[in-house]
Amino acid sequence: MTSSLYRRIYSGDSLYSAWRKVKESAFSSSSETIRNEAKDFESQLPKSLSDIQRALSKKTFTFQKQTGVAKTKANGNSRPIVLSPIPNRIVQRALLDALSRIKFVKEALDTPTSYGGIKNKRVSMAVADAKEAISKGAAFHIRSDIAEFFTRIDKARVVELVAPHIKCPDTLALFQAAITTDLANIDVLRRQGLDEIFPLGVEGIAQGSPLSPLIANLYLHDFDKTMNDGGVICLRYIDDFLILGKDMGRVDRAFNKAQRELKKLSLHAYQPSATSDKASRGLTANGFDFLGCFVSAGLIQPSKATRERFKNRIKSDLDASIRVMKYSVEAGKISPKGTYSGALQNLDRVILGWGKAFSFCNNGQWIKGLDDYITVALAQYEVEKGRLFARASGNAQRKMLGVRLLSELHSEGTERA
């Protein structure tokens with residue numbers, strides 16, 4: 001007999017709610033492939049959702065193979081991101097909603113010192129709580145990251161955590177399948193020597209899955225409780241944590257305790273050092289970086305490293321547009337990814353997302369500095385685009401702008417006929 005928990009997962013309301021969240025994320029993605037996949041799924045509604053519902057109700061739903069993407073981090077290392085097809089993400093979202101109603105899960109998500117991946121909680125709240133602790137006398141801090149956190153999570157331990165509270169074999173089986181990584185491009189990744197960074201075995205949870213933040217919070221629930229039962233406060237956002245206290249000795253002892261607790265999970269945090277960007281230690285009066293922000297008693301602003309990454313993203317995207325347009329002109333075939341209008345729309349999406357993410361920061365000179373940088377970058381982009389246009393024909397110029405030709409659409413229609 002099917003449990004009420006499992007029926008909730010494939011209910012029409014649950015699947016449609018999950019689709020709305022997946023759609024919002026997909027339509028705002030910088031990836032054209034992801035946006036187009038979501039548009040194709042939407043064009044088949046309501047059948048596309050009904051097919052998922054039918055398969056779940058008959059317990060024949062199968063998660064499709066995913067795609068592994070190795071994102072290059074600032075330090076040159078690769079960060080494994082797993083991109084799942086739309087149906088996978090819808091079911092994972094519906095599963096997340098159902099599990100979030102379980103008492104054990106609700107208690108973990110209600111932890112006051114945990115912020116990441118929790119409904120109605122944001123980075124700004126973690127930063128505000130850090131500032132409040134400082135105002136109440138927390139004069140010292142240690143901030144650190146848990147090394148290779150998602151790739152070291154033990155899937156079996158995750159299942160052991162939730163199994164006693166689910167008590168539904170169908171839901172548990174679906175959950176186990178939902179956290180399994182099966183990559184369609186594994187052979188390509190092997191040739192590139194990147195396959196080992198992806199969570200293909202018993203260890204590791206896919207970053208990019210709607211379930212990964214929930215799993216992180218369940219996995220570290222005991223850590224949160226243990227770290228906040230003494231004379232310090234420990235704020236955690238997924239795998240970043242900040243210890244605040246009134247004296248350095250107490251903070252140091254708390255960090256040592258954190259390492260012992262993490263060792264029980266076969267994890268460890270980065271040690272603070274003057275040369276590390278992963279961890280810091282010292283007076284809160286001097287300020288410190290936390291969750292992409294520079295935090296001090298009277299100031300909150302995006303950290304220097306965060307601002308530099310943003311500027312690099314702006315320049316990289318505009319440079320990529322010029323390269324693609326240049327190639328398109330030389331090859332005589334215009335790529336939609338290299339259009340002028342497409343580049344500007346993408347730039348505006350990046351600015352909008354980044355600006356909203358840091359809108360809680362203090363107003364200051366950093367805003368003018370970034371706006372000035374973008375203005376200069378756009379002016380240079382216009383110069384380089386002008387050089388390309390000067391060498392292109394009228395039709396090529398139009399396509400580079402991102403405006404279609406009726407003649408080409410007519411030819412495509414004739415070929416299909």
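**Close-up views of a predicted model**

Trp354 and Trp366 are both buried. The legends below describe a predicted model.

**View 1. The aromatic pair of Trp354 and Trp366.** The two rings meet edge-to-face, with their centres 6.3 Å apart and their planes at 65 degrees. The angle counts as edge-to-face because it is over 60 degrees. Trp354 belongs to helix α16 (residues 340-357), while Trp366 belongs to helix α17 (residues 365-390). The pair therefore ties together parts that lie 12 residues apart in sequence.

**View 2. The ring cluster around Trp354 and Trp366.** Ring pairs join these two residues with Phe310 and Phe358 into a cluster. In the whole structure, a search finds 11 aromatic pairs; the pair of Trp354 and Trp366 is one of them.

**View 3. The packing of helix α2 against helix α5.** Helix α2 covers residues 12-27 and helix α5 covers residues 86-99. Their axes are 8 Å apart and form an angle of about 120 degrees. The two helices are therefore oblique to each other. The crossing of α2 past α5 is right-handed.

**View 4. The residues in contact between α2 and α5.** From α2, the contact is made by Ser14, Leu15, Ala18, Trp19, Lys21, Val22 and Ala26. From α5, Ile86, Arg89, Ile90, Arg93, Ala94 and Asp97 take part. Sorted by class, this contact has 8 nonpolar residues, 4 charged residues and 1 polar residue. Among the nonpolar residues are Leu15 and Val22 of α2, along with Ile86 and Ile90 of α5. The charged residues include Lys21 of α2 and Asp97 of α5.

Conventions. Residues numbered from 1 in each chain as written. Predicted model: local features only at pLDDT ≥ 70, side-chain atom pairs only at ≥ 80, totals over all residues. Heavy atoms only, no water. Axes fitted to C-alpha atoms, helices over the stretch in contact; angles between N-to-C directions. Helix = DSSP H or I, 4+ residues; strand = E, 2+ residues; numbered from the N terminus. Parallel < 35°, antiparallel > 145°, perpendicular 65-115°, else oblique. Left-handed = near helix turned anticlockwise from the far one by under 90°. Contact = heavy atoms within 4.5 Å. Phe/Tyr/Trp six-rings, centres within 6.5 Å; stacked < 30°, edge-to-face > 60°. Buried < 20%, exposed > 50% of the residue type's maximum accessible area, 1.4 Å probe, protein only.
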